[in-house]
Each structure stands twice: as structure tokens, then as C-alpha cells.
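Student: I am new to this structure, so please take me slowly through a close look at one part of it, and then go on to what lies around a bound molecule.

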Amino acid sequence: MTIAIIGAGIAGAACAQALAQQGKQVVVFDKGRTAGGRMSSKRTAAGYLDLGAQYFTARSSAFRLQCQQWLVNGVIAPWHAATAQYEDGSLIASPDNTLRYIGIPSMQAPVQQLLAGMDLRSNCRIDSIHFDGSHWQLYSEDQLQGSFAQLVLALPQQQAAQLLLPYVTQQPLTDTVLADLLYGDTALQPCLAANIELMQAVSVPFDAVFVKNDAAVSWLARQASKSGRAAAEHWLVHFNSDFSQQHLEAQPEQIAPLAAAELQRILGQPIAVKEALCHRWRYAQQAPGFAVPGFTYQAGLGLGLCGDWLNGGRVENAFLSGMSLAAAVAV
Ligand code: FAD
Ligand code: NAD
């Protein structure tokens, strides 16, 4: 029995690896060129730039064990960032002992390692699925990609909901838990990101800023503080979810000057911008208050859903969601 997984982010990759370790045959589909999803660094002429997930922490024993394996294989490393906090106009050092990891040389490296040797069909966007009562048929550009007894959707809520909508309208789901999860409250809020390359290095004694209770920004980070990333002076600006929602359809040429102005405001010193690169993450961070069952599995349909949005956001939670779903599928 072959299991299809749509989505090669950390959740889909964790699920795929766990299922393969149980001896299951797995085929993973992703619309992207490489695996990684929101855990991906952008490859540029200057080097890798982290525009999405910035780092990850490990609190659970299962994820700590996985991190140990990645460390041994050299696909992650600790990120010894000097941290600061900005709140109410005041920028102060905020050192802590948190062990934070990054992918080496890019954020997707650990995801790619989970999928090493597996049947990964990249550049393959699944745009429709059909359930015939016992199997799921997957289509990309009207081409049948296969028929599978089990289907895992390791996708953000809105993308999973879109794929399942025709099925739900043809044959209303009797499982209200699944319907509520997919079509109830919004699980993921957006995040606008802007990488600002500066003409000259700024002189600040930190690499990253947690921005609290701000009208626009949530996070700043210096790319060069991360091993494997662009060496020149690049600062990443993440706008907070309210600001991102309000400016979601703004164009990069509108966002870039706003990000540069915010960077200058928070760093508290003049900057000269060389270049800017913006990215719109429509599905980024967990909406506060969204119920988190961890994953969901409908044995009768052979349908499972996993991903960060079902488990509280964060890389570690996405990984654990994929692992938990794999354990349920195996029963
Ligand atoms: P995804 O990574 O979104 O994977 C889903 C995959 O599905 C993608 O690869 C996508 O290409 C694919 N896909 C979608 N639709 C289709 C389709 N129809 N057909 C085929 N493939 C499809 N977490 C942290 O722990 N620390 C951080 O610092 C952090 N910062 C973040 C900053 C930003 C801007 C963002 C966006 C996220 C951040 N996160 C952070 C959250 C973290 O990135 C996510 O929790 C995690 O990567 C989600 O993994 P996932 O596998 O659930 O989903
Ligand atoms: P973590 O333990 O480093 O941080 C958790 C939270 O604790 C931070 O968001 C921050 O509010 C606070 N914090 C930690 N260290 C701090 C310091 N030195 N000074 C001031 N505040 C500090 O990381 P985690 O729990 O693994 O969380 C993952 C991170 O990913 C969080 O920062 C979260 O905001 C971020 N994230 C961002 C997005 C996005 O779309 N921008 C999406 C998902 C997650």
C-alpha cells in the first residue's frame, strides 16, 4: 500500500520518514523546487537569505533526538545570536540561554535530509483530488499522478481546505471536527518579510531583535550572524500579523521603503539601503486561540492532516504533528 503525502515541509517530511521507517511505501508531492516549505532559505547571488523560519528550538524529547541526529550529520548548527528587545521606543540587550538551531547551509537542509532516498516529486502542484470510496486520485495539471489508499495533507489550513472543498461539497463530511478545522476559524495569519541589504555595516552589539507590542514590526535579524548565509550586511525585517494583514496586497516597491524606515527606527541609526528583497507569506503564524488537536486522521477515509497549524505553530510543533499522524496511520 502506497501512501501519498502532499507537502514536503517539515511536517510532511517527518510524517514521510516515520512511515518509511515502519516499512510503508510513501510518495511525497510538493509544488516547490525543493523540499522545505516555510523552512526555506532563498538562494541569491549574495548567498542564502532566511526570509521565512528564522531558527528553531527543541523542547520535546522526540525533537531533541532528531536535532542530535541532524547535528551529527552537519545539517543544523546552534545559532549563537546576541539578542535584544525593542519595546516602547527602547532597545535593550536581552541575552538569554535559549539553544536555537538553524539549518546548514540553509533552513531546508534538515528537511531535505529527512526525505533523503524517498520518492519526492518536486515541482508538482496537486491541484485536485478525488476520492472514489476506497482510493484517492491525485491530479496535477489534469494529469493523474497516482491512486492511493491513504492520503496525508501536510499543508497549511487554507491550502488543505481548498483541495478538500470539491470532495466536501459532493459528499458532505459527517465528521464535523474535520469540517470545523478546515472551514471554521482561520488558523494561520500572514507575515510580510523584507530583506534589506545595507551599503555599510551598522554598529550594534546584537544579531536579532524581538520587537514587542509594536505597530508594525515583530522581528529583526542580521543574516551574516548565521553560518552559510550571505556575508554582507543584510537585515531581515518581519512585520507583525496585524500590519501584514493590512498591507497583504501591497507590492514589494511599497513594502521595501517601509521596512527600511522601520529598520532605521528600531536600530536607532541612519542606514543606506543597497537593495531590498520582499516576500509575502500568506500563511505564517498561528492565530491566537485556534484549537490545536495536534493532527487529525479519518481512518474510514484513509485521510490524515498534519502541519504546524494543527499543533501551535513553530518548526518543532510541525515536526511533532507529522510524527504523531504517522503513528496513527500505522495503527
Ligand atoms: P509548510 O512548511 O508550509 O509545508 C507545506 C508544503 O506544502 C510546502 O512545501 C508547499 O510548497 C507545499 N504545498 C502547498 N500546496 C501544495 C499543493 N497543492 N501541491 C503540492 N505541494 C503543496 N517557526 C519556528 O519554529 N521558528 C521561527 O523562527 C519561525 N519563523 C517563521 C517566520 C515566518 C515568516 C514564517 C512564514 C514561519 C515561521 N515559523 C517559525 C513557522 C515555521 O516555518 C512553520 O511552523 C513550519 O515550517 C511549518 O511546516 P509545515 O510542514 O507544517 O508547513
Ligand atoms: P523562542 O523560545 O526563542 O521564543 C519564544 C518567544 O519568547 C519569542 O517570540 C519572544 O516573544 C520571547 N523571547 C525569547 N527570547 C527572547 C529574548 N532574548 N528577548 C526577548 N524576548 C524573547 O522560540 P520558539 O518558542 O521556538 O518560537 C519560535 C519563534 O518563531 C518565535 O519567536 C515566534 O514568534 C517565531 N515565529 C514567527 C512567525 C512569523 O510568521 N513571523 C511564525 C511562526 C513563529
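Tutor: A helix here is a DSSP run of H or I at least four residues long, and helices are numbered from the N terminus. The model is a predicted one, and the part to look at is helix 7, which takes in residues 252-267. With 16 residues at 1.5 Å a residue, helix 7 should span 22 Å, and its end C-alpha atoms are indeed 22 Å apart, so the expected and computed values agree. The buried residues of this helix, meaning those under 20% relative accessible area, are Ile255, Ala256, Ala259, Ala260, Glu262, Leu263, Ile266 and Leu267. Because these buried residues fall within an arc of 165° when helix 7 is viewed down its axis, they line one face of the helix. After helix 7 comes Gly268, which has a positive phi, near 75°.

Turning to the bound molecule, ligand 2 has 15 residues around it, and those that come nearest are Tyr55, Thr57, Arg59, Ser94 and Asp96. In the side chain of Tyr55, an N or O atom is 2.7 Å from an oxygen atom of ligand 2. A nitrogen atom of the ligand lies 2.6 Å from a polar side-chain atom of Asp96, and a polar side-chain atom of Arg100 is 3.0 Å from a nitrogen atom of ligand 2. Of the 780 Å² of accessible area that ligand 2 has on its own, the protein covers 68%. Strand 6 (83-87) and strand 18 (273-286) are the elements that give two or more residues to this shell, which by class holds 4 nonpolar, 6 polar and 5 charged residues.

Technical notes. Residues are numbered from 1 along each chain as its sequence is written. Chains are lettered from A and ligands numbered from 1 in the order in which they are written. This is a predicted model: local features need pLDDT of at least 70, side-chain atom pairs count only at pLDDT 80 or more; totals for chains, interfaces and linings use all residues. Side-chain values use heavy atoms; hydrogens and water are left out. The expected span of a helix is 1.5 Å times one less than its number of residues. Buried means under 20% relative accessible area, exposed over 50%, partly exposed in between (1.4 Å probe, protein chains only). The arc is that of the directions from the helix axis to the C-beta atoms. A residue is near a molecule or strand if one of its heavy atoms lies within 4 Å of it. A polar contact is a pair of N or O atoms within 3.5 Å; within protein, one must be able to donate a hydrogen and the other to accept it, and residues adjacent in sequence count only if both atoms are side-chain atoms. Accessible areas come from the Shrake-Rupley method with a 1.4 Å probe; for residues, only the protein chains shown count as cover. Ala, Val, Leu, Ile, Met, Phe, Trp, Tyr, Cys and Pro count as nonpolar, Asp, Glu, Lys and Arg as charged, and the others, Gly among them, as polar.
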